[in-house]
Amino acid sequence: MAKKGLLIVISGPSGVGKGTVLKEFINDPALKLAYSVSMTTREKRPGEIEGVSYDFVSRAEFDKARDEGELLEWCEFVGNCYGTPLKGVERLRNEGKNVLLEIEVQGCQQVRKKCPDALTIFIVPPNMEELENRIRGRRTEPEEIVQQRLAKATKEMEMIGQYKYVVCNEDPKLAADIIRVIIKRHMENEL
């Protein structure tokens, strides 16, 4: 039977570049990573793929999963819900894979309560001005949503003390290398 895999939580404010950093190490076979696909009620953005980027579901489907305790964590932001299906995470960990969750700060708090051994990493921007430039650079959301994301980011930055590690994403390749080292060290310590 395979040794149970790690549960790795990566959080950070919207626009910090979590996805860009993850792409740098997600396919490293030495890390034995499995990406947990979250479910969401929000509309699909250009380039996103069903079942890869997210499982896009209706609000009724999401509420049912939440109410029946099928989510490891969940949150609601700007009218959309996001959550991590528990069964998928446990199945992958029991197969010996290190499960990677890219989730909101609120979700990480829920995970830490249920899984205190989770490896938690918070990605920060070099500064708030750069974060605003990244969010605005997407050009996918109206100004009202941009302002909500910036306000939320400011509050989230206050939560970094709840994470085991904080990594600055000034250079995505460097940030990915640092996270790679963190994961490998925890894999070695878990043996």
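Student: Is Arg-180 buried, partly exposed or exposed, and at what relative accessibility does it count as such?

Tutor: Please keep in mind that this is a predicted model. Burial is judged from relative accessible area, and under 20% means buried. Arg-180 has 17% relative accessibility, so it counts as buried.

Student: Which residue does the side chain of Arg-180 meet in a salt bridge?

Tutor: To read such a pair, look for a side-chain nitrogen of Lys or Arg within 4 Å of a carboxyl oxygen of Asp or Glu. Here the partner of Arg-180 is Asp-177, with 2.6 Å from N to O. Both residues belong to helix 7, and because they are three residues apart, about one helical turn separates them. Asp-177 is partly exposed, its relative accessible area being 38%.

Student: Where do Glu-132 and Arg-136 lie?

Tutor: Both are found in helix 5, which covers residues 128-138. They are four residues apart, or about one turn of the helix. Their side chains form a salt bridge, at 2.9 Å from N to O. Glu-132 is partly exposed at 30% relative accessibility, and Arg-136 is partly exposed at 31%.

Student: Which parts of the chain does the pair of Lys-173 and Glu-24 tie together?

Tutor: Begin with the contact itself: these two residues form a salt bridge whose closest N and O atoms are 3.4 Å apart. Lys-173 lies in helix 7 (residues 172-190) and Glu-24 in helix 1 (residues 18-25), so the salt bridge ties together parts that are 149 residues apart in sequence. As for accessibility, Lys-173 is exposed at 51%, whereas Glu-24 is partly exposed at 32%.

Student: How many salt bridges does the count come to, and which residues are linked in a network?

Tutor: The count comes to 17 salt bridges. A network of salt bridges links Arg-59, Asp-63, Arg-66, Asp-67 and Glu-76.

Student: How many disulfides does the structure hold?

Tutor: The test is one of distance: two cysteine sulfur atoms must lie within 2.5 Å. The structure holds zero disulfides. Cys-75, for instance, is in none, and the nearest cysteine sulfur, in Cys-81, is 7.9 Å away. Cys-75 is buried, with 1% relative accessibility.

Student: Why is the sulfur of Cys-115 not in a bond with the closest cysteine sulfur?

Tutor: The closest cysteine sulfur, in Cys-108, is 11 Å from that of Cys-115, which is too far for a bond. Cys-115 also counts as buried, at 12% relative accessibility.

Student: How many helices and strands are there in the protein chain?

Tutor: The protein chain has seven helices and nine strands. Its radius of gyration is 16 Å, close to the 16 Å that the globule rule gives for 191 residues, so the chain is as compact as a globular protein of that length. Along the principal axes, the C-alpha atoms fill a box of roughly 50 × 40 × 30 Å.

Student: What percentage of the residues count as buried, and what is the accessible surface of the protein chain?

Tutor: Of the 191 residues, 44% count as buried. The accessible surface comes to about 10100 Å², and carbon and sulfur atoms account for 51% of that area.

Student: Among contacts between residues at least 6 apart in sequence, what percentage join residues at least 24 apart?

Tutor: Within that set of contacts in the protein chain, 69% join residues at least 24 apart. The salt bridge discussed earlier offers a case of separation in sequence, since Lys-173 and Glu-24 belong to parts 149 residues apart.

Conventions
Residues numbered from 1 in each chain as written. Predicted model: local features only at pLDDT ≥ 70, side-chain atom pairs only at ≥ 80, totals over all residues. Heavy atoms only, no water. Helix = DSSP H or I, 4+ residues; strand = E, 2+ residues; numbered from the N terminus. Buried < 20%, exposed > 50% of the residue type's maximum accessible area, 1.4 Å probe, protein only. Rg over C-alpha atoms; globule rule 2.2 N^0.38 Å. Contact = heavy atoms within 4.5 Å. Areas by Shrake-Rupley, 256 points an atom, 1.4 Å probe, with all protein chains shown as cover.
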